[in-house]
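Open the structure in your viewer and keep the sequence beside it, so that each selection can be followed in both. The tour moves from the inside of the protein to a few of its strands.

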Amino acid sequence: KLYAFSILLCLLATTISLKAQTVSYTGPAVAVPDNNAAGVNIVLPVAGVGTIADLNFRFDIGPGACDATPVNTNAAMDHTFVGDLIFRLTSPGGTTVIIMNRRGGTRENICATLLDDDGGFPALSTITSVSGSTVSGNFAPENPLSAFDGQNANGNWTLNVSDNAGIDNGSMRRFSLI
């Protein structure tokens, strides 16, 4: 009985030690070309993580207030018409998922926003167009991030951001894979 109890404790300790790992983009702000469907690629190297059990994507904010002010350097993505933007995430294995597709309409900037397909959050399609507002909160991504489950997380991830209409522009500043 003591042997079985030791095995159970060992399994429990192994299970408890598992925790989410976060890898964040910390490079410079990347300007997104205006009215250019090809967009811009931002590479995020990941090392020492292993196999993906559940991936979430987070738009991170800076140290100050994030609001709808144009060119707000605390926004994850500063842009004066968020509804122009498409975000595509590609794994090191080559799987691509469109995580946000022209949502938010006239909202300005993306602040603290988590995309999680397992959290029971509302779909991105529920975001209405409210001028003078930011995109922030917890949402289910446009397409399931579970497409990455079981893949090796290590290697170069690519976030492609494209601006698909003219006049408005902005920069991608920070994001994380969890």
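Which residues have the most contacts inside the largest nonpolar core? In this predicted model, select Phe57, Phe59, Phe87, Leu89, Ile99, Trp157 and Met172, which have the most contacts inside a core of 36 residues. Now add strand 3, residues 36-46, which supplies four residues, the largest share of this core. In soluble globular proteins, nonpolar side chains tend to be buried together.

Next, select Phe87 alone and display what surrounds it: leaving aside residues up to four places away in sequence, Phe87 touches Phe59, Met77, Val97, Ile98, Ile99, Met100, Ile110, Leu159, Asn160, Val161 and Met172.

Then select strand 6, residues 85-90, together with strand 10, residues 155-163, and you will find the two paired in the antiparallel sense over six bridges. Within this pairing, look at Leu89, which stands opposite Leu159 in strand 10.

Keep strand 6 selected and add strand 7, residues 96-101, which runs antiparallel to strand 6 and is joined to it by five bridges. Here Leu89 stands opposite Val97. Strands 6 and 7 form a hairpin with five residues between them, and in the turn you can select Gly94, whose phi is positive, at about 100°.

Finally, show the whole protein and colour it by secondary structure: there are one helix and 12 strands, and the helix comes before the strands when the pattern is read along the sequence. Of the 178 residues, 42% count as buried, while the accessible surface comes to about 8,700 Å², with 57% of it belonging to carbon and sulfur atoms.

Note on methods
Residues numbered from 1 in each chain as written. Predicted model: local features only at pLDDT ≥ 70, side-chain atom pairs only at ≥ 80, totals over all residues. Heavy atoms only, no water. Core = buried A, V, L, I, M, F, W, Y, C linked by side-chain atoms within 4.5 Å. Buried < 20%, exposed > 50% of the residue type's maximum accessible area, 1.4 Å probe, protein only. Contact = heavy atoms within 4.5 Å. Areas by Shrake-Rupley, 256 points an atom, 1.4 Å probe, with all protein chains shown as cover. Pairing = 2+ DSSP bridges.
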